[in-house]
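Please take a short walk through this model. Keep the sequence and the 3D view side by side as you read.

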Amino acid sequence: MTGSLLQVEELVKHFKGRRTAPWQSSQDAVRAVDGISFAIEPGETLALVGESGCGKTTTGRLVLRLLDPTSGRITFKNRDVTAASGGELKHYWRSVQAVFQDPWSSLNPRMRAGEIVGEPLFANGLMRGRELRTHVARLLEDVGLEPGLARDYPHEFSGGMRQRLAIARALSLHPALIVLDEPMSSLDVSIGAQIMNLLKDLQQRHDLSYLLIAHDLATVRYLSDRVAVVYLGQIVETAPTEKLFSAPGHPYTQALIEAAKPVELDETRSYLLGDVPSPSNPPPGCRFHTRCPKAFEDCPVRVPQLQMVAPGQLISCHLYDGSEGA
């Protein structure tokens, strides 16, 4: 993976537990991300999927260096940026941008659209005056907005238009990687489809890589090249997108895909059992064993390791390590 654009190795983020009362000791640390590794190639989209609270958004914030990891390593273009600060971190942020779930909260309501899109260029001292205004107009056109809208404020835009504005801002510094954190979740289906098509088109025209964080599997299937399935802060399966959807290997992946099917298509579908355990006290052994319909005696005892079970498909499950017939 030496030629990867981004490489994440054994990334860990633990948050300190809180005391429930002044006389009590603090709770166990919340193990939000607990040893995640993956790589993203130039021009590729990798999706992180899983239930709410599984650690995928925290992983995205670690990649963006909005959070400092507890341990692990983040390498971008063969440079270690795990502990980058000052000018080095500022340079990294120029190459790695983000589009967040709610465009309303990520856009300054007191700034006009043109100022929002041009601010990264202005703040980095890259453009001023007429050159900046011309470039902003080009960026707005690039995402399907009229250049004249540069004078308007975010509250004058629809939800889909605000998301286009957020994408234009992310593009302004010509990044190599954009972290997409649930970019369609606040949009209706038709507008979301338009944004997905826009993201695909921009990826081809600008040679972008995406780290897509999503729970909607239709979005994941349409946009991603590979998928990493996350459960309680750990990756349990990674595979090329079509391989994962046509032949999911991990019981958790199978359950996620089953749960996403419309009832009218499969009235006998199975559902995930129980609730997600607390990330401050994950189950021993395989963390999914408390909800897994295929669990057996080894599952609560030994921690499974990610292993190659098919070309490009890695699974962390005792069903594939010889403990039990798959």
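A residue counts as buried when its relative accessible area is under 20%, and as exposed when that area is over 50%. Leu232 has a relative accessibility of 2%, so it counts as buried. The model is a predicted one.

Stay with Leu232 for a moment. It sits in the loop between strand S9 (226–231) and strand S10 (234–240). Its phi is near 50°, a positive value in a residue other than glycine. Most residues other than glycine have a negative phi.

His174 offers a second case. Its phi is positive too, at about 55°, although it is not a glycine. Is His174 buried or exposed? Its relative accessible area is 57%, so His174 is exposed. This residue lies in the loop between H6 and S7. A glycine can be added to the list. Gly125, just after H4, takes a positive phi of about 70°.

Now turn to helix H2, which spans residues 86–95. Which of its residues are buried? They are Leu89, Tyr92 and Ser95. Viewed down the axis of H2, these buried residues fall within an arc of 115°, so they line one face of the helix. An α-helix has 3.6 residues a turn, so residues three or four places apart point the same way. Gly86, Gly87 and His91 are exposed on the other side of H2.

What covers the buried residues of H2? The cover includes helix H1 (56–63) and four strands: S1 (6–15), S4 (71–76), S6 (96–99) and S7 (177–181). Ser95 gives a closer view. This residue belongs to helix H2. It counts as buried because its relative accessibility is 15%. Neighbours within four places in sequence aside, Ser95 is in contact with Phe76, Pro175, Ala176 and Leu177.

Next comes helix H4, residues 113–123. Its buried residues are Ala113, Gly114, Ile116, Val117, Gly118, Pro120 and Leu121. They pack against helix H5 (129–142) and H6.

Look at the pairing of H4 with H6, which covers residues 159–171. The two helices pack at an angle of about 25°, and their axes are 7 Å apart. That angle makes H4 roughly parallel to H6. The crossing is right-handed. On the H4 side, the residues that meet H6 are Ala113, Ile116, Val117, Glu119 and Pro120. On the H6 side they are Leu165, Ala168 and Arg169. By class, this contact has six nonpolar residues, no polar ones and two charged ones.

H6 also pairs with helix H7, residues 189–206. How do their axes cross? They come within 10 Å and cross at roughly 20°. H6 is therefore roughly parallel to H7. H6 passes H7 in a right-handed crossing. From H6, the residues in this contact are Gly160, Gln163, Arg164, Ile167 and Leu171. From H7, they are Ile191, Gln194, Ile195, Leu198, Leu199 and Leu202. The contact of H6 with H7 divides into seven nonpolar, three polar and one charged residues.

To close, trace H6 once more in the 3D view. It is roughly parallel to H4, and it is roughly parallel to H7.

Conventions. Residues numbered from 1 in each chain as written. Predicted model: local features only at pLDDT ≥ 70, side-chain atom pairs only at ≥ 80, totals over all residues. Heavy atoms only, no water. Axes fitted to C-alpha atoms, helices over the stretch in contact; angles between N-to-C directions. Parallel < 35°, antiparallel > 145°, perpendicular 65-115°, else oblique. Left-handed = near helix turned anticlockwise from the far one by under 90°. Contact = heavy atoms within 4.5 Å. Nonpolar A, V, L, I, M, F, W, Y, C, P; charged D, E, K, R; others polar. Buried < 20%, exposed > 50% of the residue type's maximum accessible area, 1.4 Å probe, protein only. Arc of directions from axis to C-beta.
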